[in-house]
Amino acid sequence: MFWRSSFIVLSNICARCFCLKRFTLTKVLLIVILLSVISTIVSISFLNLRFGIARQRSKPPLPLSTCRLNSTISRSLLKRVNHQSKAGRHLGDRVLVMVESQYSKAGTKITHLLEAIRVEYKVEPTGKNLPTLTHLDKGKFSVVIFENYNKYITMDKWNRQLLDKYCSEYNVGIIGFVPSKPDIISDNVPGFRMVFEYGMKLQDYKLNMFSDVWRVTKAGQIYEGRLPGEWTVFHTNHSTYEPLAYSKKQTQKFSVSIEEDVNKPVVPVIYDHGKYDKIKRIIFGSALRFWLHRLILLDSLSILSNGKLSMPLERHIQIDIDDIFVGREGIRMCVDDVEALVTTQETIKQMVSGFSFNLGFSGRYYLHGSYEEDAGDKKLLEYRDKFWWFGHMWRHEQAHKFDEPYITLAMQQNSQFAKENNIPVKQNYAVAPHHSGVYPIHEPLYTAWRNVWDVKVTSTEEYPRLHPAWRRRGFIYKGVMVLPRQTCGLYTHTLFLSDYPGGRKHLDDSIKGGELFQIILFNPISVFMTHMSNYGNDRLALYTFESVLKFIQCWTNLKLLAVPPLQLALKYFEMYPEERDPIWQNPCDHKRHLSIWSTNKTCEKLPNFLVIGPQKTGTTALYTFLGMHPAIESNFNSPDTFEEVQFFNGNNYYHGIDWYMEFFPTPKNTTSTYLFEKSATYFDNEVVPRRAFALLPRAKIICILINPSKRAYSWYQHMRSHEDPTALNYSFYDVITATDIDPRKLRELRNRCLNPGMYAQHLIRWLDYYPSRQLFIVDGEQLKNDPIHVMHTIQRFLHIDPYFDYSQFLRFDPKKGFFCQVVSEDRNKCLGKSKGRTYPPMNKEEQLFLKQYYQRHNVALSKLLDKLNTEVPAWLEEELRGGDE
Ligand code: A3P
């Protein structure tokens, strides 16, 4: 600004002077004086910037503190309520969410909240029949939520009776949100001994002091101010009801039919203890737009599920300050900022026991600010023992752009800097600039981390993706625990409160019940990332965190804690063991992932289709025939797992996608080359469809089905020829009829023999992920007898161009008894001895047993094929007709 205006003034003056016809001495003198004044001002301001002399500092804002609750009362009420009861034992831990439509906004808000707190749910539209509510003697759902409570009240008699019976018998509570009804003032709700009064504008919200519902929520707390939107309030005299909060009318939209004093408190949320009909309910007079309702919803889920859905009361907080020496001159921390950091750390410690800021550094930038800022850097090191520290590379660089030797060297240089400056780096923790190399995985980063800093924990926002934030999760990769990182709304460029994007109100709203408050509320473990610039300037991070933690203390009974990163990560994966296994996605499917993935990698080395098995159905024949096609390339053979890659099942998955991609050639032409992989163990493995879909959502899936009895027998023979001791020791009949009292090895063999043949149940699992148009079922008998026709249909399914005429390249080999590859006029190349073995036929007893065993599975398969509009194979028709093999 200053430069621009000086330049304009100067050029105006000069222009005027030069426009004069005659140059007088006075005018020349005037110009010289003016120029020297300007140059003096410019030099002073430059010196100020460069060396920080007399930098004008704004006064950093004071943290918010708006707690209304009298602290003495709150302490006496601060009892930790336990909602757990015996009734919860017979309940599953899912929630049934009844919505008006699959896409309704209010319903989506509810399901997002449930996802954020990691509660499983099932969404059902209200107009339809209820889903199955019980399984064996257990209730499937521990709470039922109605997005629109009126839909519960007006539910058809049959469904209503069914639901009420379930709720009263299994002690399952109902939560409902009552929206306003246009043009209706009030409703006498039949059967509920209650009047709903609609369309209210309310202000102030006082939580009932004495309710047992409060567990996370602090009883008796008061919110002052106008409440958002229109409300429904509840009037009742029945003793089953307990108001959970009281509010006041702001203005009256309609003239109210129920006579009452305007100042008399109204009830915007009510708890039905179930004295009337044995069903507990919590009814909200407005949706989740009001932040406090999200808090109350946590407690409602807890009490109404008999403690099944109670969240822990501890909240762990970690705050990283990354790049503590990185930042351009003028926005770095000075001595007073460092002092403020230490003072606030002490204040936070009072609220969050064990708390320390966690500082990340690149030594290259130490003492690279103004004189005043360099003093700040030195002060940080003077206080080095007050903080936790973690190291980066020497410079602020993105790991995915470098190879391992460079990363290692750069980390070693930084580690040397830490040693020279006695920086205590003891936390086994690190993060990567811009998340680079953490996810998608850049192997060299992990290797260097382990070797140089002994990193065991890191954090990222990028797994599985940045958005939506509530779905961020953790995973473990080769011993490094990756924690999900939360967003606190502070970035390197947010320096001053007055410039905060969206204005100060935006940040304050996030603190006072909004996004930041909810992140801590919903996540037992929160890791936040901030930067050095958030601690200089307006010290926005100090303002933000002190404020939000005070707000948490004010409104909740949560116990705030901090433990070192390693302990934190161990705790995280102890709480969420299901997150240990990563789920790899295609980095090219997400722009942000691609931008932090090494440029020398390509997603073109991933398969376009998979042949998934099951074993012994002709998968090797199909694999071989596909490989003959000029446009199709298969995976390279794996020396470890009988040539198959077997990536998506078993331990290979933990090697990551770089490892997987090494099994594929770089396609000569990406548009006309089709890569595929065949692993026959994929078909019946529980985890494979989910993993495959995450990485290859557009892949086509091919499976082969033969008579499951035949398959089981062929597999048994296969095991015998591989000299499996159990298969050698027991007859086929022994294996298939083994019971749960038989030796473990025999039972295991039985399961591996019989389970893959339950075709429908495995196919359904694949169809849970892949759309049916991406799935192709090959009739294995047809593949054996007429492979030319089968290869023709597969080419059509894959839309492969050019068409390859297999009739020229396959012919029946009478000696082998199967179709083989034509090598020359009188020579064929057949599959090895292990394919198309000769063994005695199954005996009658075995056939009969298996026929009965697979009966219901075959019926399910025929129904499924019917649904998929797929032709029923001849062998299945025969099985269902009851014909003999
Ligand atoms: P058998 O060896 O029991 O006869 P997979 O490759 O999935 O392990 O399947 C092996 C089975 O493929 C063989 O089982 C055989 O019946 C069948 N098959 C189908 N077409 C074949 C072919 N052209 N050559 C050899 N075996 C074939």
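**View A. Helix 12 packs against helix 14.**
In this predicted model, local features need pLDDT of at least 70, and side-chain atom pairs count only at pLDDT 80 or more, while totals for chains, interfaces and linings use all residues. Residues are numbered from 1 along each chain as its sequence is written, and side-chain values use heavy atoms, leaving out hydrogens and water. Two packed helices are described by the angle between their axes and the distance between the axes. Helix 12 spans residues 504-511, and helix 14 spans residues 540-555. Their angle is about 35 degrees. Their axes lie 9 Å apart. Axes are lines fitted to C-alpha atoms, for helices over the stretch in contact, and angles run from 0 to 180 degrees between N-to-C directions. Helices (H or I, at least four residues) and strands (E, at least two) are DSSP runs, numbered from the N terminus.

**View B. Side by side: the residues of the helix 12 and helix 14 contact.**
Helix 12 brings Arg504, Leu507, Asp508 and Ile511. Helix 14 brings Leu540, Tyr543, Thr544, Ser547, Val548 and Phe551. Contact means heavy atoms within 4.5 Å. By class, the contact has 6 nonpolar, 2 polar and 2 charged residues. Here Ala, Val, Leu, Ile, Met, Phe, Trp, Tyr, Cys and Pro count as nonpolar, Asp, Glu, Lys and Arg as charged, and the others, Gly among them, as polar.

**View C. An open sheet of 3 strands has mixed pairing.**
The strand order is 16-18-17. Strand 16 (457-460) and strand 17 (475-477) are the edges, and each pairs on one side only. Two strands pair if DSSP finds at least two bridges between them. On average, neighbouring strands are turned by 30 degrees against each other, direction ignored. Strand 16 and strand 18 (residues 480-484) pair in the parallel sense over 4 bridges. Thr460 has Pro484 of strand 18 as its bridge partner.

**View D. Helix 11 and helix 15 lie across strands 16, 17 and 18.**
Helix 11 covers residues 443-453 and runs at about 80 degrees to strand 17. Helix 15 covers residues 565-575 and runs at about 80 degrees to strand 18.

**View E. An open sheet of 5 strands has parallel pairing.**
The order is 22-23-21-24-25. Strand 22 (632-634) and strand 25 (775-779) are the edge strands. From one strand to the next, the twist averages 25 degrees. Strand 21 (residues 609-613) and strand 23 (residues 674-678) pair in the parallel sense over 3 bridges. Val611 has Lys678 of strand 23 as its bridge partner. Helix 17 packs on this sheet. Helix 17 touches strand 21, strand 22, strand 23 and strand 24 (700-705). The direction of helix 17 makes about 165 degrees with that of strand 23.

**View F. The ligand is surrounded by 17 residues.**
A residue is near the ligand if one of its heavy atoms lies within 4 Å of it. The closest are Thr619, Thr620, Ser714, Gly836 and Tyr839. Oxygen atoms of the ligand make polar contacts, pairs of N or O atoms within 3.5 Å. A side-chain N or O atom of Thr620 is 2.5 Å from a ligand oxygen. For a polar side-chain atom of Ser714, the distance to a ligand oxygen is 2.7 Å. A polar backbone atom of Gly836 is 2.9 Å from a ligand oxygen. Helix 17 (619-627) and strand 27 (818-824) each give two or more residues to the shell. Helix 17 gives the most, with 4 residues. By class, the shell has 6 nonpolar, 7 polar and 4 charged residues.

Technical notes: Polar contact = N/O pair within 3.5 Å; in protein donor to acceptor, adjacent residues only side chain to side chain.
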